[in-house]
Amino acid sequence: MIDTFFGIHPHVIRSGLWANMRPGEKDLYVYLMEESERYRTRELRRTDAEIQAAVGTAPRTLCDARKRLAEHGLIVYRRGSGNKYTYVICDPLTRAPYPGDADKPVPYRKRSEEPSNGSNEPSVGGAASIGYCAEAVKQRPEAHGLPGVFDN
């Protein structure tokens with residue numbers, strides 16, 4: 001085992017999404033995943049300048065990467081004041097933000113416990129609309145056609 005590391009959801013690799021992502025998208029996603037682990041939260045507020053300094057990407061590339069990651073259902077984001085964005089890490093299987101408090105760990109479920117639909121596609125239909133919706137961070141999933149997905 002490696003003593004110090006951060007993770008990327010295996011679905012991102014196994015589904016073939018990683019192979020189809022552009023370098024700028026990968027840069028931003030890896031940065032967000034590392035920062036998520038570092039600060040132990042799935043909700044991050046960062047300026048474009050902070051991200052550009054860390055990953056060395058051009059402003060236009062960063063803007064495009066942010067939009068594409070949202071389209072892929074890996075993040076949702078909203079713009080704040082001062083060119084600062086709030087990013088929320090999403091579950092690649094559902095393409096929606098993980099349920100619950102962003103500062104609390106998501107309970108681990110073994111693969112045998114996860115619902116299976118027999119494919120590599122997300123198990124929740126219609127969740128793709130959340131990917132690009134800037135307001136999704138504020139709204140309940142039911143507002144996006146996902147009734148009861150996150151009910152306990």
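Buried means under 20% relative accessible area. By that cut-off, 38% of the 152 residues of the protein chain count as buried. The model shown is predicted.

**Figure 1. The whole chain holds 5 helices and 4 strands.**
From the N terminus on, the elements run α-α-α-β-α-α-β-β-β. The accessible surface of the protein chain comes to about 9,200 Å². Carbon and sulfur atoms own 50% of that surface. Now look at the contacts in the protein chain with a separation of 6 or more. Residues 24 or more positions apart account for 58% of them.

**Figure 2. Helix 3 packs against helix 4.**
Two packed helices are described by the angle between their axes and the distance between the axes. Helix 3 covers residues 23–39, and helix 4 covers residues 48–55. Their angle is about 105°. Their axes lie 10 Å apart. Angles of 65 to 115 degrees count as roughly perpendicular, so helix 3 and helix 4 are roughly perpendicular to each other. Helix 3 brings Asp27, Leu28 and Tyr31 to the contact. Helix 4 meets them with Glu50, Ile51, Ala54 and Val55. By class, this contact of helix 3 with helix 4 has 5 nonpolar and 2 charged residues, and no polar ones.

**Figure 3. Helix 3 also packs against helix 5.**
Here the angle is about 75°, and the axes of helix 3 and helix 5 are 8 Å apart. Helix 3 and helix 5 are therefore roughly perpendicular to each other. Gly24, Glu25, Leu28 and Tyr29 come from helix 3. Across from them in helix 5 are Thr61, Leu62, Ala65, Arg66, Arg68 and Leu69. The residues of the contact of helix 3 with helix 5 divide into 5 nonpolar, 2 polar and 3 charged. Find Leu28 in this view: Leu28 meets helix 5, and Leu28 also takes part in the contact with helix 4.

**Figure 4. Thr57 sits in the loop between helix 4 and helix 5.**
Helix 5 spans 59–71. Is Thr57 buried or exposed? Its relative accessible area is 12%, so Thr57 is buried. Leave out residues up to four places away in sequence, and Thr57 touches Gln52 and Leu62. Leu62 belongs to helix 5, where it takes part in the contact with helix 3.

**Figure 5. Strand 3 pairs with strand 1, with strand 2 and with strand 4.**
Strand 3 covers residues 84–91. This strand is mostly covered: 7 of its 8 residues are buried. Strand 1 (residues 43–47) runs antiparallel to strand 3, and 5 bridges join the two. In that pair, Thr47 stands opposite Lys84 of strand 3. Strand 2 and strand 3 also pair in the antiparallel sense, over 5 bridges. There, Arg79 stands opposite Tyr85 of strand 3. Strand 4 (residues 96–97) pairs with strand 3 in the antiparallel sense over 2 bridges. Cys90 has Pro97 in strand 4 as its bridge partner. In a regular strand the side chains alternate between the two faces of the sheet.

**Figure 6. Tyr77 lies in strand 2.**
Strand 2 covers residues 75–79. The relative accessible area of Tyr77 is 11%, so Tyr77 is buried. How far from Arg45 is Tyr77 in sequence and in space? The two are 32 residues apart in sequence. In space, they are 9.4 Å apart, C-alpha to C-alpha.

**Figure 7. A hairpin links strand 2 and strand 3.**
There are 4 residues between these strands. Most residues other than glycine have a negative phi. In this hairpin, Gly82 takes a positive phi near 70°. Asn83 is a residue other than glycine, yet its phi is positive too, near 55°. Asn83 lies in the loop between strand 2 and strand 3. At 30% relative accessibility, Asn83 counts as partly exposed.

**Figure 8. A second hairpin links strand 3 and strand 4.**
This hairpin has 4 residues between its strands. Which residue in the turn has a positive phi? The residue is Arg95, with a phi of about 65°. Arg95 is not a glycine. Arg95 is found in the loop between strand 3 and strand 4. Arg95 has a relative accessible area of 18%, so Arg95 is buried.

Terms used: Residues are numbered from 1 along each chain as its sequence is written. This is a predicted model: local features need pLDDT of at least 70, side-chain atom pairs count only at pLDDT 80 or more; totals for chains, interfaces and linings use all residues. Side-chain values use heavy atoms; hydrogens and water are left out. Buried means under 20% relative accessible area, exposed over 50%, partly exposed in between (1.4 Å probe, protein chains only). Contact means heavy atoms within 4.5 Å. Accessible areas come from the Shrake-Rupley method with a 1.4 Å probe; for residues, only the protein chains shown count as cover. Axes are lines fitted to C-alpha atoms, for helices over the stretch in contact, and angles run from 0 to 180 degrees between N-to-C directions. Angles under 35 degrees count as roughly parallel, over 145 as roughly antiparallel, 65 to 115 as roughly perpendicular and the rest as oblique. Ala, Val, Leu, Ile, Met, Phe, Trp, Tyr, Cys and Pro count as nonpolar, Asp, Glu, Lys and Arg as charged, and the others, Gly among them, as polar. Two strands pair if DSSP finds at least two bridges between them.
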